[in-house]
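Welcome! Here are some exercises to work through at your own pace, each followed by a solution in small steps. Have the sequence and the 3D view ready before you begin.

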Amino acid sequence: MDVKKILAEATSTLGVSGHEAEVAAYFAEQFRPLVDEVKVDAMYNVIARRKGNGPKIMLCAHLDEIALMVTKIEDDGCVRFSSVGGVDPRILPGSRVWVHGAKGKLFGTIGALPPHLMSAEDRTNNYKMDKLHVDLGMCAETVRSQVRIGDLITFNTPFTELGGNQVAAKSLDDRACVAILLRAAERLQKLVCDADVYFVCSSQEEVGGRGAMTAAFGVEPDCAVVLDVDFALTPGCGPDVACPLDAMVVTHGPFIQPKLNKRLIDCAKAHNVKLTQTVAGRSTGTDADEIGVSRAGVPVVLLSLPEKYMHTSVETISLDTLEEGARLLAHFVSELDAGWEEDLWI
Amino acid sequence: MDLKTLTEINAPSGHEQPIRRALLAELKEKGFQPTIDRMGNIIVVKEGVGPVPRKRVLVSAHMDEVGLIVTGHTEDGFLKVTQAGGIDTRVLISKRVLVGDDNIPGVIGAVAIHLQSAADRARVMGYREICVDIGAKSKGEAEGKAPKGTYISFDTPYVEYGEGFACGKAFDDRVGCWTILRLLEEELPCDLVAAFVSEEEVGCRGASGAAFAQEPDIGIVLEGTTCNDLGDIPEIAQVCKCGSGVAVSFMDNASIGNRELFRKAIAIGEKEGIAHQVKSSVSGGNDGGVIQRAREGIPTLVLSVPCRYIHSPSTVIKLSDAESQFELTRALLRAL
């Protein structure tokens, strides 16, 4: 499996929260050769099953992405927008975007004031989203013939390979973790595994774990592992809130099942997978929050891939860490035996 | 050489070598004998076909662009940078860049929105906070790949889009360079001193030397200028409009256009039906200032292509305006 190729393709495929059909179809195809059954459900969750007679485990990473949405077309042709999910307005000035109109996607750019014309006050405040616009290089009449209110706007930032086996792109949150699921599925083909494994690429995480909620109801798992990104160390983002880029992260806290978490940590030790440990005092802000209270309840753990510059169009991860995450996940699933539930709450 | 090729060459102020090499090769291939002066300007003199004495006209465009320069390295391998030419830090966040002559890919990130306080969201990040990430894991690795003084450019390819528009970096002022290359193909009555000058973006340093050395009778500066014609901008602050033709300046912060040349340009534009507009605000400044005040003074005029989002990774021009710049300049040179 060429992970880099998958990430390059996946991050350039449309899949804004609530509009995941394209990226769901893409990931369904990627899972097909690795599992027994694949389906895309009514919420655009991809559910890929590797059949087994042991415990039923759900492995979940979200496939949706944050983006923008058209709110108004001005008489000078400017397109106004709001955000879908948590887009940082600071990333917008000077950014290139795709506006997904009726006749396909249109190239656009988000303007910024020239330094020559800024007042001192302009310089000291960040742009607010409602003051920005997309320039499609067209008059209002042409724009209105192709673009409607509610159309999607995604970032046009090519996939970039950096040094140190790191890659940067939009929507690596959380498609890099879907790639971990794919690599784990591939690795499991060479491992003994009793578990009944459901790989779930969930929709609408960026607007509140909505896809994972219905997917967990449908799968009805015995336990679950959620994979999402976590903050990696960067200038201005220190060890109080962030983790090193080069190791997967486990989270402790009330939303995480402690014995299942210990099993994950012990598994990492046994296979020499480096882990960073972090704490979420309440909600984790991931699909784990919704899955944990699905039906009668699901013991859940969170395994995170550190990511620099989360929710920008240059989110950056380490491919080495991604691969270690897949290795750990495959072993964890493979070693989940019939007795996993004994002493879970004692 | 087309506008795509010209704008995609990375050459911030003070590091014009890549564009200089490309222009030299192009000029030599076309049979010219370009020279390089003490400021790194490229000069080509093409004699006119008119009767002597002919006017000696300096037509100048700057070949440098705004960019960044490495000032240091953090312990964990990030590059610290400052601007080479004026770049508002707010256009840098979440952008891709190319570092050094080996074009090492880099990104400029920011702390995730989840971790920002309300004050963080409002506050503009200064150059002290901006870092370029090339994936280096240590200070030593970063220093090895991008030592202090390494130049950095935006990584934004040239794209034609919409109804005759183009989006890219460095239209300011490769569009002027492009126009000069096209003018050199023309037979003109005057002697044309074509100058591709250096270091405009850091204080019009190249043109100053070129104007002194070339002693022209007249100076014409071909520029890309600010255009602010969309969105919440009142008409009075728009400077000029994309698509309304070449912008003729009566005055900016560096020079007052020679009145005779200004009137002549407008009259010729009107007579020959060449799209033109008067730049409607006194803002910015360019090589016109230093050329006008070289030696004992030179009558000078600035003719600009309107550039939306100038000095950002994604500047926008309307291609018909570049055409107007070429046509009006050619007509003016024919009429001198």
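**Exercise 1. Find out how well covered strand E16 of chain B is, and on which faces.**

Solution. Keep in mind that this is a predicted model.
- Step 1: select residues 300-308 of chain B, which form strand E16, and count the buried ones: nine of its nine residues are buried, and the strand is mostly covered.
- Step 2: sort these residues by face. One side carries Thr300(B), Val302(B), Ser304(B), Pro306(B) and Arg308(B). The other side carries Leu301(B), Leu303(B), Val305(B) and Cys307(B).
- Step 3: since every residue in both groups is buried, E16(B) is covered on both faces.

**Exercise 2. Identify strands that pair with E16(B), and give the direction of each pairing.**

Solution. A general reminder helps here: strands of a sheet pair through backbone hydrogen bonds, either parallel or antiparallel.
- Step 1: take strand E13 (residues 218-227) of chain B, which runs parallel to E16(B) and is joined to it by nine bridges. As an example, look for Cys227(B) opposite Arg308(B).
- Step 2: turn to strand E14 (residues 246-248) of chain B, which is antiparallel to E16(B), with two bridges between them. Here Ala247(B) has Ser304(B) as its bridge partner.

**Exercise 3. Trace the open six-stranded sheet of chain B and explain what is special about its edges.**

Solution.
- Step 1: write down the strand order, E7-E6-E9-E4-E5-E8, and note that the pairing is antiparallel.
- Step 2: look at the edges, where strand E7 (104-108) and strand E8 (131-132) of chain B stand. Each has a single partner strand, so one side of each lacks a neighbour in the sheet.
- Step 3: check a pair within the sheet. Strand E4 (residues 67-73) and strand E5 (residues 79-84) of chain B are antiparallel partners over six bridges. In E5(B), Gln83(B) is the bridge partner of Leu68(B).

**Exercise 4. Describe how the domains of each chain are laid out.**

Solution.
- Step 1: in chain B, the domain assignment gives domain 1 as 3-65 + 169-335 and domain 2 as 67-154. Their C-alpha centres are 31 Å apart.
- Step 2: examine where these domains of chain B meet: twelve residues of domain 1 are in contact with eleven residues of domain 2. The domain 1 side has three nonpolar, six polar and three charged residues.
- Step 3: in chain A, the assignment gives domain 1 as 3-65 + 170-341 and domain 2 as 67-155. The C-alpha centres of these two are separated by 33 Å.

**Exercise 5. Decide whether the buried residues of helix H1 of chain A are gathered on one face or spread around.**

Solution.
- Step 1: list the buried residues of H1 (residues 3-11): Leu7(A), Ala10(A) and Thr11(A).
- Step 2: look down the axis of H1(A). These residues fall within an arc of 90 degrees, so they line one face of the helix.
- Step 3: see what they pack against: helix H2 (21-31), E11 and helix H5 (172-188) of chain A.

**Exercise 6. Characterise the side of chain A that touches chain B.**

Solution.
- Step 1: count the residues in contact, 54 from chain A and 55 from chain B.
- Step 2: locate the elements of chain A that each give two or more residues: strand E7 (104-110), helix H3 (120-124), strand E10 (160-161) and strand E11 (166-169).
- Step 3: sort the chain A side by class, which gives 22 nonpolar, 23 polar and nine charged residues.

Notes
Residues numbered from 1 in each chain as written. Chains lettered and ligands numbered in written order. Predicted model: local features only at pLDDT ≥ 70, side-chain atom pairs only at ≥ 80, totals over all residues. Contact = placed C-beta atoms within 7 Å. Helix = DSSP H or I, 4+ residues; strand = E, 2+ residues; numbered from the N terminus. Nonpolar A, V, L, I, M, F, W, Y, C, P; charged D, E, K, R; others polar. Buried ≥ 20, exposed ≤ 12 C-beta atoms within 10 Å, placed from the backbone. Arc of directions from axis to C-beta. Domains from an automatic or database assignment. Pairing = 2+ DSSP bridges.
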